[in-house]
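Reader: I am new to this structure and would like to go through it by question and answer. Please show it before we begin.

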Amino acid sequence: MLRTVFARSSRLAIPLQTAGLQRRTYVDKFQERENASENMYVHEKEKEQLAALRKKIAEVEKHANELEEHINRKEREAKSAMNPDEDTEWNDILRKHGILPQQIKVTQNDIYDSAVARAQEEEERRLEKLDLDALDELEDEEDDQILMQYRQQRLAEMQAQAAKERFGELVAITEPDYKAEVTEASAHTWVVVHLFRESIPECKLMNRILGELAQQYRATKFVKIISVECIHNYPDANLPTLLVYGKGDMQGQLVRLDRFGGMRTKRKDVEKYLVGLGAIDPTAKHALAGDSDEESDDERPVYVDLGKRL
C-alpha cells in the first residue's frame with residue numbers, strides 16, 4: 001500500500017514541478033514586459049523634457065536677438081537725434097564705449113592760428129596777382145600801416161603805464177587811514193610804509209630818500225605815519241622802520257639804518273633793498289628833476305638838520 005501511495009505521489013510530483021516552472025517563467029516574462037514598458041515611459045518623459053528645454057532655449061535666443069536689435073536701433077536713433085560734438089555726459093559714455101569717436105578739443109590758440117594761416121594764404125594769393133607797380137604802392141601803404149600800428153601800440157603802453165604810475169610822492173597818513181591805504185591797497189600794488197618821528201634825524205633822512213624814490217618809482221605807493229599811531233608804544237629806538245606790503249600781506253621790514261651805516265645811508269641803499277623785495281621795478285624808473293647824476297647823492301654832505309638842504 002505504501003508503495004502504491006509513493007508511486008502515485010511520484011507520478012503527481014512531476015506535473016507539479018513542471019507547472020511551477022511554467023508559472024515562474026510567465027511571471028518573469030510579465031515582469032520583463034512591465035520593466036520594458038516602464039523604461040519606455042521614462043524615455044518618453046526624458047524626450048518630452050528635452051524637447052521642452054530646447055524650446056525654452058530657442059525662445060531665450062529669440063528674445064536675446066530681439067533685445068540686441070532693439071538696442072542697436074535705439075543707438076542708431078540716438079546717433080541721428082543727438083549732436084555728437086556736444087560735450088554732454090551721455091556723449092562721454094558713448095565715446096568711452098567706442099560708439100562715438102573721441103572729441104577733438106579746439107582751443108582759442110587753435111582758432112587764432114587757423115585764422116592767421118587763412119589770412120596769410122589769402123594775402124599770398126592776392127599778392128601773386130599784383131604787378132610791380134602795384135606792389136610798390138602796396139609797400140608804401142604797408143609802411144604807413146606799420147607806423148600807425150606801432151604808434152597805437154606805444155600809445156596803449158604809455159596809457160597802461162600811466163594808469164599804473166598814479167602815485168609819485170610820499171604821502172602822510174593817520175591811524176584811521178591805515179587799513180584802506182596800506183592793507184587793502186597792497187592787494188593791488190606795492191606799499192612802502194615809513195614809521196617815523198619828526199625829532200629823530202634818521203627819520204628825516206629816510207623821509208627825504210623815500211620822497212625821491214616815490215618820484216622815481218610812481219607805480220609803488222609810499223606813505224609815512226607817526227610810529228605810535230601805527231603801533232602804540234612803539235619804541236623810538238627802533239626808528240626809522242620800513243614796512244613793505246605786497247600781495248595783500250607784509251613782505252619785509254627794515255628796522256633802523258644800522259645795516260646801511262646810519263646817517264651815511266644813501267638813496268641807492270634803500271633802493272637796492274626795495275628792488276630785492278620786488279617792491280619797485282628798475283625798468284620803470286624815472287629820472288629826478290634837476291638830478292642829472294642819479295648817484296649824485298653819494299657826493300652830497302649829510303647834515304643833522306635834514307629839513308633844509310644847502
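**Questions on the chain, its cores and its salt bridges**

Author: This is a predicted model, in which local features need pLDDT of at least 70, side-chain atom pairs count only at pLDDT 80 or more, and totals for chains, interfaces and linings use all residues. Residues are numbered from 1 along each chain as its sequence is written, and side-chain values use heavy atoms, with hydrogens and water left out.

Reader: How many helices and strands does the protein chain have?

Author: Helices (H or I, at least four residues) and strands (E, at least two) are DSSP runs, numbered from the N terminus. From that end the elements run α-α-α-α-β-α-β-α-β-α-β-β-α. The protein chain has eight helices and five strands.

Reader: What percentage of the residues of the protein chain count as buried?

Author: Buried means under 20% relative accessible area, exposed means over 50%, and partly exposed lies in between (1.4 Å probe, protein chains only). The protein chain has 310 residues. The share of them that counts as buried is 23%.

Reader: Is helix 6 mostly covered or mostly uncovered, and how many of its residues are buried?

Author: Helix 6 spans residues 201-216 and reaches 23 Å from its first C-alpha to its last. The expected span, 1.5 Å times one less than the number of residues, is 22 Å here, close to that reach. The buried residues include Cys-203, Met-206, Leu-210 and Leu-213. Helix 6 is mostly covered, and its buried residues number 12 of 16.

Reader: Which elements cover the buried residues of helix 6?

Author: Cover is a matter of contact, which means heavy atoms within 4.5 Å. Among the covering elements are strand 1 (170-172), strand 2 (191-196) and strand 3 (221-226). The cover also includes strand 4 (241-246), strand 5 (249-255) and helix 8 (267-277).

Reader: Which element supplies the largest share of the largest nonpolar core?

Author: A nonpolar core is a set of buried Ala, Val, Leu, Ile, Met, Phe, Trp, Tyr and Cys residues joined through side-chain atoms within 4.5 Å. The largest has 21 residues, and those that touch the most other members include Met-206, Leu-210, Phe-222 and Leu-274. Helix 6, strand 4 and helix 8 each supply at least two residues of this core. The largest share, six residues, comes from helix 6.

Reader: Which residues does Leu-274 touch, leaving out those up to four places away in sequence?

Author: Leu-274 sits in helix 8 and is buried, with a relative accessible area of 0%. Its C-alpha is 9.1 Å from that of Gly-252, although the two are 22 residues apart in sequence. With residues up to four places away left out, Leu-274 touches Val-192, Leu-213, Phe-222, Val-244, Ala-279 and Ile-280.

Reader: Which peptide bond is cis, with omega near -5°?

Author: The proline concerned, Pro-240, lies in the loop between helix 7 (227-230) and strand 4. Pro-240 is also among the residues that Met-206 touches. The cis bond runs from Leu-239 to Pro-240.

Reader: What is the phi of Asn-233?

Author: Asn-233 is in the loop between helix 7 and strand 4. Asn-233 is exposed, with a relative accessible area of 73%. Its phi is positive, in a residue other than glycine, and is near 65°.

Reader: What is the phi of Lys-247?

Author: Lys-247 belongs to the loop between strand 4 and strand 5. Lys-247 is exposed, at a relative accessible area of 73%. Its phi, a positive value in a residue other than glycine, is near 60°.

Reader: How far apart are N and O in the salt bridge of Glu-181 and Lys-221?

Author: A salt bridge is a side-chain nitrogen of Lys or Arg within 4 Å of a carboxyl oxygen of Asp or Glu. Glu-181, in helix 5 (residues 178-184), and Lys-221, in strand 3, are 40 residues apart. Glu-181 is partly exposed at 31% relative accessibility, whereas Lys-221 is buried at 12%. From N to O the pair is at 2.5 Å.

Reader: Which residues are joined into one network by salt bridges that share partners?

Author: The count of salt bridges comes to six. One of them pairs Lys-285 with Glu-271 at 2.9 Å, N to O. Shared partners make one network of Arg-208, Glu-212 and Arg-267.
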